[in-house]
Amino acid sequence: MEFSKLFIALFFFHVFFACNLSIQAAPANSNLFREYIGAEFNNVKFTDVPINSNVEFHFILSFAIDYDTSSSPSPTNGKFNVFWDSDNLGPSQVSSIKSSHSNVKVALSLGGDSVGDGSAYFNPSSVDSWVSNAVSSLTDIIQQYNLDGIDIDYEHFNADPDTFAECIGQLIKTLKKNGVISFASIAPFDDDDVQSHYKALWKSYGNLIDYVNFQFYAYDQGTTVSQFIDYFNTQSSNYNGGNILASFISDGSGGLTPENGFFTACNRLKSENKLHGIFIWSADDSKRNGFRYEKQSQALLAISH
């Protein structure tokens with residue numbers, strides 16, 4: 001009888017504790033600002049981008065790709081090479097911007113849309129060989145550049161969703177376990193093939209993924225504020241429990257632009273405790289307008305959250 005009472009008491013304690021954990025873990029407003037940089041080779045530098053000291057700031061180098069660096073690049077099964085503007089965004093520049101700004105971290109993004117004149121495909125020979133090669137090559141790059149995290153931005157696939165989930169999930173798990181990275185993000189967008197791969201990854205390894213850089217700018221140009229909110233809520237359901245970041249593209253080519261109400265939408269999300277951060281694609285394009293929306297985004301995030 002006493003054993004039964006003890007068992008019941010422990011059971012209810014466990015349920016109460018688990019419920020409290022889940023409540024505490026629920027995403028909330030954040031002052032996180034993230035920006036992709038280096039993909040377009042237009043000489044943009046870390047020091048060009050305004051950095052508000054009251055936000056958590058992540059630069060994301062674009063891209064590291066598991067292709068060779070020949071004139072006609074081909075897949076290397078997880079052996080990554082640097083494909084960003086490393087002349088302007090090299091190891092010494094990373095160290096300098098991080099030492100100048102204690103709130104800055106720097107990550108690298110994997111994959112991207114294209115390499116050379118073609119699409120960049122996720123193309124593993126096998127899960128084990130790809131993971132082994134990826135862990136080794138990325139550890140070398142991350143340590144050489146003194147980086148803090150990785151972002152997953154594959155957009156084309158020569159592998160099924162489960163293979164993608166295992167490769168990327170095991171990569172993130174191993175890099176975190178080894179202390180090589182402290183955070184990881186994914187960058188899906190609203191495309192059936194893309195979503196099937198990232199949702200499989202989320203289902204198996206979502207607990208290891210810190211941020212979802214959802215590409216809301218891949219929606220149609222002319223997106224309205226109410227449509228954006230609907231899209232945000234849909235993707236919050238797809239990546240349930242995730243820190244979904246609001247986003248725009250600084251050349252105005254898609255999605256909800258700052259001119260058409262992006263910051264109105266962000267304020268609405270913030271009022272609902274759903275503004276988990278903002279990211280921009282990309283510093284390379286923002287250079288033309290003097291980074292005006294980077295300043296505005298960070299000012300919004302810096303207000304007490």
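**Entry 1: Asp-193 and its surroundings**

I looked up Asp-193 and found it in helix 5, residues 192-205. Helices here are DSSP runs of H or I with at least four residues, strands are runs of E with at least two, and both are numbered from the N terminus. The model is a predicted one, in which local features need pLDDT of at least 70 and side-chain atom pairs count only at pLDDT 80 or more, while totals for chains, interfaces and linings use all residues. Residues are numbered from 1 along each chain as its sequence is written, and side-chain values use heavy atoms, with hydrogens and water left out.

I noted Asp-193 as partly exposed because its relative accessibility is 40%. The classes are buried for under 20% relative accessible area, exposed for over 50%, and partly exposed in between (1.4 Å probe, protein chains only). The areas come from the Shrake-Rupley method with a 1.4 Å probe, and for residues only the protein chains shown count as cover.

Asp-190, Asp-191, Asp-192 and Asp-193 form a negative surface patch. Patch residues have over 30% relative accessible area and no salt bridge; like charges are joined within 9 Å, and nonpolar side chains (Val, Leu, Ile, Met, Phe, Trp, Tyr) within 5 Å. Asp and Glu count as negative, Lys and Arg as positive, and His and the chain ends are not counted. A charge is placed at CG of Asp, CD of Glu, NZ of Lys or CZ of Arg.

**Entry 2: Strands 1 and 2**

I examined strand 1 (residues 32-37) and found that 6 of its 6 residues are buried. Leu-32, Arg-34 and Tyr-36 point one way from strand 1, whereas Phe-33, Glu-35 and Ile-37 point the other way. In a regular strand the side chains alternate between the two faces of the sheet.

I then listed the pairings; two strands pair if DSSP finds at least two bridges between them. Strand 1 runs parallel to strand 2, joined by 6 bridges. In this pairing Tyr-36 is partnered with Ile-60, and Ile-37 with Leu-61. Strand 1 is also joined to strand 13 by 3 bridges in the parallel sense, and there Phe-33 has Ile-278 as its bridge partner.

Strand 2 (residues 56-65) is mostly covered, with 9 of its 10 residues buried. It pairs in the parallel sense with strand 4 (residues 104-112) over 7 bridges, where His-58 is matched with Lys-105. With strand 3 (residues 81-82), strand 2 pairs in the antiparallel sense over 2 bridges, and Ile-65 has Asn-81 as its partner.

**Entry 3: Salt bridges**

I searched the whole structure and obtained 4 salt bridges. The criterion is a side-chain nitrogen of Lys or Arg within 4 Å of a carboxyl oxygen of Asp or Glu. Side chains of opposite charge can pair when their charged atoms come close.

One of the bridges joins Lys-98 and Asp-148, with the closest N and O atoms 3.0 Å apart. Lys-98 lies in helix 2 (residues 91-100) and Asp-148 in the loop between helix 3 (127-145) and strand 8 (149-154), so the pair ties together parts that are 50 residues apart in sequence. Both Lys-98 and Asp-148 are buried.

I found another bridge between Asp-210 and Lys-176, at 2.8 Å from N to O. Asp-210 is in the loop between helix 5 and strand 11 (211-212) and Lys-176 in helix 4 (residues 161-177); the pair links distant parts of the chain, 34 residues apart. Asp-210 is partly exposed at 24% relative accessibility, and Lys-176 is partly exposed at 23%.

I also recorded Arg-288 with Asp-285, at 3.2 Å from N to O. Arg-288 counts as exposed because its relative accessibility is 64%, whereas Asp-285 is buried at 7%.

**Entry 4: Backbone details**

I checked omega and found a cis peptide bond from Ser-62 to Phe-63, with omega near 10°; Phe-63 is in strand 2. A cis peptide bond also joins Trp-281 and Ser-282, with omega about 0°. Ser-282 is in the loop between strand 13 (278-281) and helix 8 (283-286).

I turned to phi and noted a positive value of about 55° at Phe-41, which is not a glycine. Phe-41 is in the loop between strand 1 and strand 2. Phe-291 has a positive phi near 60° and is placed in the loop between helix 8 and helix 9 (292-302). I entered Phe-291 as buried because its relative accessibility is 5%.
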